[in-house]
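User: I am new to this structure and would like to understand why its parts are given the labels they carry. Please take me through the reasoning step by step.

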Amino acid sequence: FLLMIRRPPRSTQSRSSAASDVYKRQISLLEKIDQRIADSFASFNDKLQMKAVEELYKKGWRYHQESETWFTDITFREDRLADCRFFCIEKFRPLPTTDVPLTEKELCSLEDFRVALQKKQ
């Protein structure tokens with residue numbers, strides 16, 4: 001899909017000329033098309049993101065929104081700390097960690113994700 005934009009002739013410098021008005025309408029149309037394409041991709045990406053989240057939850061991963069971190073193999077302790085593995089973005093793999101200040105209530109549920117994506121749309 002290629003949209004050709006016709007520029008006004010060089011001799012038409014007036015902002016109120018008919019040729020200039022056509023050019024402005026073409027630019028406005030192009031911006032609207034770009035926004036529709038962007039909206040369509042955002043919706044598609046939201047659906048893919050939700051599928052990925054569902055798969056991670058099936059495999060035992062949980063998301064902590066405040067720290068923006070994924071955790072798995074979580075053992076909650078009475079002192080409001082947890083031992084677990086977290087997904088390390090820098091190394092792109094799960095790493096073990098201990099004494100994480102974390103409670104089960106602080107982890108996002110699948111429903112939390114669905115609501116967040118619906119608010120975004």
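**The sheet and its edges**

Analyst: In this model, 5 strands form an open sheet with antiparallel pairing, in the order β4-β3-β2-β1-β5. Strands β4 (93–101) and β5 (107–108) stand at the edges because each has a single partner strand, so that one side of each is left without a neighbour in the sheet. The model is a predicted one, in which local features need pLDDT of at least 70 and side-chain atom pairs count only at pLDDT 80 or more, while totals for chains, interfaces and linings use all residues. Residues are numbered from 1 along each chain as its sequence is written, and side-chain values use heavy atoms, with hydrogens and water left out.

User: What makes a stretch of the chain a helix or a strand, and how many of each does the chain have?

Analyst: Helices (H or I, at least four residues) and strands (E, at least two) are DSSP runs, numbered from the N terminus. By that rule the chain has 2 helices and 5 strands, and along the sequence they follow the pattern α-β-β-β-β-β-α.

User: How do you know that β1 and β5 are paired, and in which sense do they run?

Analyst: Two strands pair if DSSP finds at least two bridges between them. Strand β1 (residues 62–64) is joined to β5 by 2 bridges, and these strands run antiparallel, so the pair satisfies the definition. Within this pairing, Tyr63 has Cys108 in β5 as its bridge partner.

User: Which strands does β2 pair with, and over how many bridges?

Analyst: Strand β2 (residues 69–76) pairs with β1 in the antiparallel sense over 3 bridges, and 4 bridges join β2 to β3, again running antiparallel. Phe71 in β2 stands opposite Arg62, and Phe71 also has Phe86 in β3 as a bridge partner. In the hairpin of β1 and β2, with 4 residues between the strands, Glu68 takes a positive phi near 55°; in the hairpin of β2 and β3, which has 4 residues between the strands, Arg80 takes a positive phi near 65°.

**Phe86 and the cysteines**

User: Why is Phe86 called partly exposed?

Analyst: Buried means under 20% relative accessible area and exposed means over 50%, with partly exposed in between (1.4 Å probe, protein chains only). Phe86 has 24% relative accessibility, and therefore counts as partly exposed. Phe86 is found in strand β3 (residues 81–88), and its contacts (heavy atoms within 4.5 Å), leaving aside neighbours within four places in sequence, include Trp61, Trp70, Phe71 and Pro96. From C-alpha to C-alpha, Phe86 and Pro96 are 6.5 Å apart in space, although they are 10 residues apart in sequence.

User: Are Cys84 and Cys88 buried or exposed, and how many disulfides are found?

Analyst: Cys84 has a relative accessible area of 4%, and is therefore buried; Cys88, at 7%, is buried as well. A disulfide is a pair of cysteine sulfur atoms within 2.5 Å, and a search of the whole structure finds 0 of them.

**Salt bridges**

User: What makes the meeting of Glu54 and Arg114 a salt bridge?

Analyst: A salt bridge is a side-chain nitrogen of Lys or Arg within 4 Å of a carboxyl oxygen of Asp or Glu. The side chains of Glu54 and Arg114 meet at 3.2 Å, N to O, so the pair fits the definition. This pair links distant parts of the chain, 60 residues apart, with Glu54 in helix α1 (residues 18–58) and Arg114 in helix α2 (residues 110–120).

User: How do you know that Arg114 and Glu111 also form one, and why are they separated by about one helical turn?

Analyst: The closest N and O atoms of Arg114 and Glu111 are 3.9 Å apart, so this pair also satisfies the cut-off. The two are separated by about one helical turn because they are 3 residues apart in helix α2. Salt bridges that share partners join Lys51, Glu54, Glu111 and Arg114 into one network.

User: Why is Lys58 called exposed, and which residue forms a salt bridge with it?

Analyst: Lys58 has 64% relative accessibility, and therefore counts as exposed. Its salt-bridge partner is Glu55, with the closest N and O atoms 3.3 Å apart; Glu55, at 40% relative accessibility, counts as partly exposed.
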